[in-house]
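Okay, hi everyone, thanks for coming. Let me put the structure up, and then I'll walk you through it.

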Amino acid sequence: MPGARAVEDRVILWLKAAVFLVALSPGLWLFWLGWRDELGANPVEALSRGTGEWTLRLLLATLAVSPLRRLTGWTVLLRYRRMLGLFAFFYGCLHVLTYVVLDQWFDGAAMLDDIVKRPYLTAGMTAFLLLVPLATTSTRGMMLRLGRRWRALHRLIYPAAMLGVVHFLWQAKIDTTEALVYALLLALLLAMRLPWLISPVLAGGCPPTRPERTHQSVSAIRSP
Ligand code: HEM
């Protein structure tokens with residue numbers, strides 16, 4: 001009979017698979033709608049909106065992991081953070097690809113002009129560029145290699161999320177309600193970090209539920 005630890009590992013694996021499928025499903029749904037030509041009157045706009053919103057949602061979900069872990073004491077939540085962050089980057093890439101390929105058809109000069117002249121695109125591009133080093137250093141090897149610098153680097157997720165919200169607010173010309181909801185959620189997630197940023201005593205508030213194994217201790221490098 002498998003031991004308690006083996007059962008726990010299996011549950012974690014199944015949950016990982018479930019999180020993976022849930023995070024992938026909006027992309028598959030958009031692809032399906034596009035395939036069937038059911039994206040509406042303006043398919044490029046629908047794709048841009050869908051991928052943009054999922055980039056932001058997954059960025060916020062990634063930022064929600066640490067506060068949730070502190071509130072519940074469930075260290076296991078940390079195991080899903082990297083996947084959520086990488087999915088945010090994945091949707092960010094699809095969003096940028098929609099712009100580069102479907103909107104601008106690789107017209108480098110027009111894109112540069114657009115990004116420089118339109119502040120909402122400047123903010124979006126800066127946010128996306130900030131995500132690149134986070135995604136490329138998300139492996140366990142890079143975490144170990146960078147050590148404390150990894151934590152500092154991964155704080156870039158804060159300005160990236162802020163700029164993502166600014167980008168959304170700026171491009172929402174008439175109805176800003178939805179963008180403001182994202183702004184509020186982000187403000188809440190950032191405010192929840194303040195006590196731990198201010199008081200290092202609180203930072204140790206939730207002890208791990210069980211001794212961490214070698215590879216887990218990597219994911220326990222406390223990040224944003
Ligand atoms: C982390 C980076 C980014 C995030 C989180 C993000 C998020 C979003 C969101 C939430 C929207 C609004 C969707 C809606 O109206 O429902 C949007 C729209 C848009 N984004 Fe981004 N974006 C990012 C980067 C970029 C970049 C780099 C570009 C291109 C250079 C870009 C181009 C656009 C365009 C053109 C729209 C308008 C779509 C339309 O309504 O026609 N975004 N983005």
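Let me start with a question: among contacts in the protein chain between residues at least 6 apart in sequence, what percentage join residues at least 24 apart? It's 67%. Keep in mind that what you see is a predicted model. The average pLDDT of the protein chain is 89, and 87% of the residues score at least 70.

There's one stretch to be careful with. Over residues 205–222 the pLDDT stays under 50, and there the model has 21 contacts beyond four places in sequence. Where pLDDT is low, the predicted coordinates should not be read in detail.

So, the overall layout. The protein chain has 12 helices and zero strands. Written out along the sequence, the pattern is just α-α-α-α-α-α-α-α-α-α-α-α. The chain has 224 residues, and 21% of them count as buried.

Now helix 1, which covers residues 4–35. Helix 1 has 32 residues and reaches 45 Å from its first C-alpha to its last, close to the 46 Å you'd expect at 1.5 Å a residue. There's a bend of about 35 degrees at Ser 25, and a proline, Pro 26, follows within four residues. Helix 1 is also hardly covered, with two buried residues among its 32.

Let's pick one residue in helix 1, Val 19. Is Val 19 buried, exposed or partly exposed? Val 19 counts as partly exposed, because it has 16 C-beta neighbours inside 10 Å, and being buried would take 20 or more. Leaving out residues up to four places away in sequence, Val 19 touches Tyr 80 and Met 83. Then there's Leu 84, which is 65 residues from Val 19 along the chain, yet their C-alpha atoms are separated by 8.3 Å.

After helix 1 you get Asp 37, in the loop between helix 1 and helix 2. Asp 37 isn't a glycine, but its phi is positive, near 60 degrees. Why does Asp 37 count as exposed? Because it has 8 other C-beta atoms within 10 Å, and 12 or fewer makes a residue exposed.

Phe 106 is another one to look at, in the loop between helix 3 and helix 4. Phe 106 has a positive phi of about 60 degrees, and it's not a glycine either. With 8 C-beta neighbours inside 10 Å, Phe 106 counts as exposed.

On to helix 2, residues 43–72. Does the span work out as expected or not? At 1.5 Å a residue, its 30 residues should span 44 Å, and the end C-alpha atoms are 41 Å apart, so that agrees. Helix 2 bends by about 30 degrees at Val 65, with a proline, Pro 67, following within four residues. Next comes Gly 73, with a positive phi near 80 degrees.

Last topic, the ligand. How many residues surround the ligand? There are 23, and the closest are Ser 48, Gly 52, Gly 124, Ala 127 and Gly 164. The elements giving two or more residues to that shell are helix 2, helix 3, helix 5 and helix 8. Helix 2 gives the most, with seven residues. By type, the shell divides into 11 nonpolar, nine polar and three charged residues.

That's my tour, so let's chat.

Key: Residues numbered from 1 in each chain as written. Predicted model: local features only at pLDDT ≥ 70, side-chain atom pairs only at ≥ 80, totals over all residues. Expected span 1.5 Å × (residues − 1). Bend = angle between axes of the 7 residues up to and from the residue. Near = placed C-beta within 6 Å. Nonpolar A, V, L, I, M, F, W, Y, C, P; charged D, E, K, R; others polar. Contact = placed C-beta atoms within 7 Å. pLDDT = per-residue confidence, 0-100.
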